[in-house]
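Me: I have a model open and want to go through some of its helix and strand packing. Can you take my questions one by one?

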Amino acid sequence: MSDPWPTASDYESILQHPQKAFKDPDFQQCKIEKKPNGLPRPRSGNFATVYKATLPNGENWAIRVFNRRSPERRARYDSICQYLAQKKLKAMVGFSYADDGIKVIVKGRPASFPLLKMEWVSGQTLMDFARDRCHQSDSQALNRSADRWIELVRELTSARIAHGDLQHGNVMVNTAGELKLVDYDCMCVPKLEGLPTLEGGLPPYQHHARKGDTALFADMDRFSALFILVSLKALAASPSLWSEFVEPTANPDRPIRDSLLFDKDDFSNPMQSELMRELRRSPDKKVQKWTDDLLGCWNKTRLEDIPALDEFTNDFEELKRLLDSYKYDEAVALADQQSAKPPKPLDADLQIARQRVQQRVKLVTAVQQGDEVEMQKLAGSQLLVNYPLAQPDLTIAKDAARVLPILDQLKQALQQQLGRKFVQVWDAHSGLLQPRRSAVAFKGQVDEWRQRNQLCDRILSDLGQPLCDVQRLEQTASELDRLGGHPDLKPKRNELDRLIQRGRAWRGWNQVHKQLSAETDSALVAQWNEPLFAGWPPAEAERPRLIETQRRLKALADLKQVIPLTDQCRSESEESEITRRAAGLPDGYAAQLTPRIQLAARRQAALTKAQQVLQQGHEKPLVEVHQALSELQALALLSPGQRQRLELASSRWPKLQQLNSIPKDSRLASPDAARARDQMLLDAWDDGLLKDCVDAQSWRALWHAARQRQPKLEKLQAALDAGDTGTVVELMESPELADFPLNPEQQGRIADAQQDIAASRKLRDVIQRGNPQEFQRCFDAQLLRQFAQQFEALRPEIDKLLTSELLPPAKNGLRGLGLKMQSNAHSTRLIGKVQWNWPLPRITDRCVLAVTRRRVTETDTPETCGADFKYEVSRQDYEGEGCRTIVAPMSCKDHFVVVWAMVDAGFDRWWSPPVVLGRLGISS
């Protein structure tokens with residue numbers, strides 16, 4: 001019993017781990033294409049299952065694993081590999097077979113199995129390709145695929161190879177439209193001929209004579225090849241056949257066919273086949289014939305009797321019909337498509353037809369090139385007799401004998417520049433020459449010489465008139481010169497040229513603009529042509545205008561003598577002289593000097609303005625005139641002192657602009673804006689530059705106040721941060737800080753400081769007067785600590801008032817609330833919680849708690865009570881729990897727990913009389 005073969009599930013499991021599955025190191029790093037559920041995507045067939053693998057370098061390969069055991073597979077694939085390696089066929093793809101290429105775990109045991117690796121063809125199966133093209137009605141693409149199929153089959157036939165299973169699933173159409181064959185399991189190469197086939201192939205692509213035991217031979221693909229060819233050509237002729245028969249949509253009762261077109265029933269029962277009836281009505285005559293021929297192939301009993309594709313596609317009857325119909329070109333074209341040589345009688349007629357076609361090509365070439373000599377030779381050729389397609393060109397060729405002498409006359413007339421004779425000869429024979437290629441070159445020259453003759457006649461006519469239109473004469477002569485002139489005009493050329501020159505000069509004079517300016521005057525003088533105009537009445541009438549023009553230009557030349565070569569300003573007198581001389585010229589005259597004349601006028605105006613504002617002393621007007629004189633390059637017109645004063649104004653002006661951008665009233669500003677305003681004042685002010693500046697005087701007091709205020713604001717912030725209330729209040733009384741906006745935090749802290757100062761002053765007054773009731777009401781220990789230096793001198797008075805008015809518990813509210821012991825039979829310590837009422841916060845925030853063995857008296861303090869231990873308790877600590885926990889050793893049992901209120905004045909401390917809260921070990 002043989003070892004078990006892998007199932008589809010076994011392959012699926014191992015392909016999820018390529019590094020374990022493949023023997024080839026390159027494929028151990030590949031990625032297997034997966035389905036959405038993450039499992040490898042199979043493409044199942046009868047003999048094998050295909051998976052797509054992508055290598056690290058990006059190459060795609062088809063991995064074929066076999067569905068069942070075949071002992072002969074390795075030997076057959078070795079023979080196929082060796083043979084294809086020698087042939088290198090375009091239709092085949094690279095592949096390799098390994099008998100132990102994949103390791104699969106079958107029933108818990110790993111074992112090696114055969115693997116075929118084949119280059120992946122990116123594209124579509126022939127079935128998908130045909131479906132898409134039929135839906136698009138792309139007959140052209142389907143016809144191309146049929147032509148490529150013929151090339152593929154011829155390649156296989158020439159190499160003596162049979163694929164063994166030609167069908168739509170084993171033919172791929174790549175992205176370039178090329179056809180590629182895949183699945184070589186049933187292939188036959190010469191070394192395998194005679195061996196039994198491994199399978200019968202996909203019906204209905206296979207002939208009924210092919211059986212499971214049919215021996216391999218090189219021509220076993222013939223029926224499959226013809227089946228695919230006829231299918232593609234039929235679909236190309238009528239793409240709607242797909243939706244009618246292959247995948248019927250109009251008639252859903254019809255079954256979907258697993259082929260490109262034909263079904264087995266179409267061959268076994270053709271009289272009942274609707275498809276066969278449709279194909280016999282195909283718009284492609286070849287499809288009609290091939291359908292019957294393919295049916296005839298099906299009816300043969302032996303595979304060996306099926307004709308090869310080239311024999312199937314040959315059409316010698318049509319070739320004979322074309323020759324008998326004198327359609328020699330079509331016959332030659334059809335013969336070139338045939339793969340076999342026609343019978344001898346037909347081949348002899350075909351050779352004569354080829355000679356006729358060659359002769360007609362020569363004739364067409366001669367007609368197209370206008371070769372009259374060659375046309376004359378070919379006109380009598382017997383090969384062109386009874387040749388309908390040659391008749392139009394032959395008719396033209398027969399006139400070559402008449403045309404050649406006429407062409408010679410035209411050439412001689414051109415060589416001798418006899419334009420009038422050239423046109424006469426052409427006009428006399430134009431009907432014969434017009435359609436001929438040989439006369440094309442003359443046609444353009446005829447039109448040109450016809451025009452030249454007409455222009456020459458017009459010029460001669462105008463010259464014969466006493467008063468001719470010179471401008472029209474010039475235009476006509478220019479057009480004739482552009483075309484090359486005319487021999488008949490040579491005797492009159494000098495007369496013509498003089499008339500044209502004078503006409504041009506006179507137009508130039510009259511075209512000058514009549515506006516009064518130096519440019520116009522210069523142009524008029526330049527346009528005057530004395531040799532041509534002297535004595536000519538129209539010109540003599542304009543001579544007074546010429547004389548006046550020359551006088552103005554002389555005056556302009558005199559003005560130029562007093563204008564320096566550059567715009568540099570040297571003196572006021574020079575600028576004045578320029579404006580004085582320019583005043584004698586017409587307005588707008590001498591445009592080239594106008595900028596310099598205007599510059600002189602602007603300089604004098606700017607100087608006058610400067611002298612006025614120098615007397616006033618304000619900075620902005622001084623800056624403006626300084627800028628104006630600088631732009632005019634006229635500062636040299638000022639004295640050194642005047643220039644120095646203008647430069648000072650220009651230096652001051654940025655500072656004044658900076659100051660003028662600052663708001664003067666700080667009371668309406670926010671604190672940040674007020675501080676920024678002060679800083680802007682300090683940054684903008686330059687006391688050395690603005691000294692004695694009238695325009696800056698209104699800012700001097702504000703600048704001085706800002707300068708005084710800045711250090712005081714810094715001291716104020718430092719005093720606020722340090723809690724120096726006295727300094728804060730003192731600084732706030734300075735005039736620089738009066739009405740100066742501060743931020744809310746500063747304002748609040750200053751208000752608190754002022755409030756504390758007022759309260760401390762009131763408390764000092766009460767202490768000095770010794771008023772007990774007022775002392776009780778306004779006493780605040782924090783004020784004593786805050787103003788310790790002021791209150792330390794009043795210590796005796798404070799001590800007296802505290803002792804009588806606030807230290808006694810009856811007056812300050814200190815009262816015991818009890819002691820509660822926490823019992824624990826195993827405890828080695830005494831633990832109790834004590835509670836008492838606190839005095840008001842303004843009296844104290846501190847109490848002292850002590851444990852002592854003796855009973856205390858009213859005069860005892862924490863220092864004199866002989867305490868075993870004591871605690872200083874803050875109000876915050878106490879209020880967090882609402883009591884105080886005491887932990888003491890067992891030796892302190894029955895000791896007293898005592899509390900004192902402590903008044904801390906900063907410079908001294910006072911204790912209230914003690915209050916006994918209880919005894920340790922006894923809850924009270």
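Reply: What follows covers one helix pair and then some strand pairing.
This is a predicted model, where local features need pLDDT of at least 70, side-chain atom pairs count only at pLDDT 80 or more, and totals for chains, interfaces and linings use all residues. Residues are numbered from 1 along each chain as its sequence is written, and side-chain values use heavy atoms, with hydrogens and water left out.

Me: At what angle do α6 and α7 cross?
Reply: Roughly 160°, with the axes of α6 (residues 139–158) and α7 (residues 222–237) coming within 8 Å. Axes are lines fitted to C-alpha atoms over the stretch in contact, and angles run from 0 to 180 degrees between N-to-C directions. Helices are DSSP runs of H or I, at least four residues, and strands are runs of E, at least two, numbered from the N terminus.

Me: Roughly parallel or antiparallel, then?
Reply: The two helices are therefore roughly antiparallel (an angle over 145 degrees).

Me: Which residues of α6 and α7 make the contact?
Reply: On α6 they include L142, W149 and I150, and on α7 they include I228, L232 and K233 (contact means heavy atoms within 4.5 Å).

Me: Now strands. What does β6 pair with?
Reply: β4 (residues 60–66) pairs with β6 (residues 109–119) in the antiparallel sense over 5 bridges, and β5 (residues 95–106) pairs with β6, also antiparallel, over 9 bridges. Pairing needs at least two DSSP bridges.

Me: Which residue stands opposite W61?
Reply: E119 in β6. On the β5 side, F95 stands opposite M118.

Me: How many residues lie between β5 and β6 in the hairpin?
Reply: There are 2, and K107 in the turn has a positive phi of about 55°.

Note on methods
Parallel < 35°, antiparallel > 145°, perpendicular 65-115°, else oblique.
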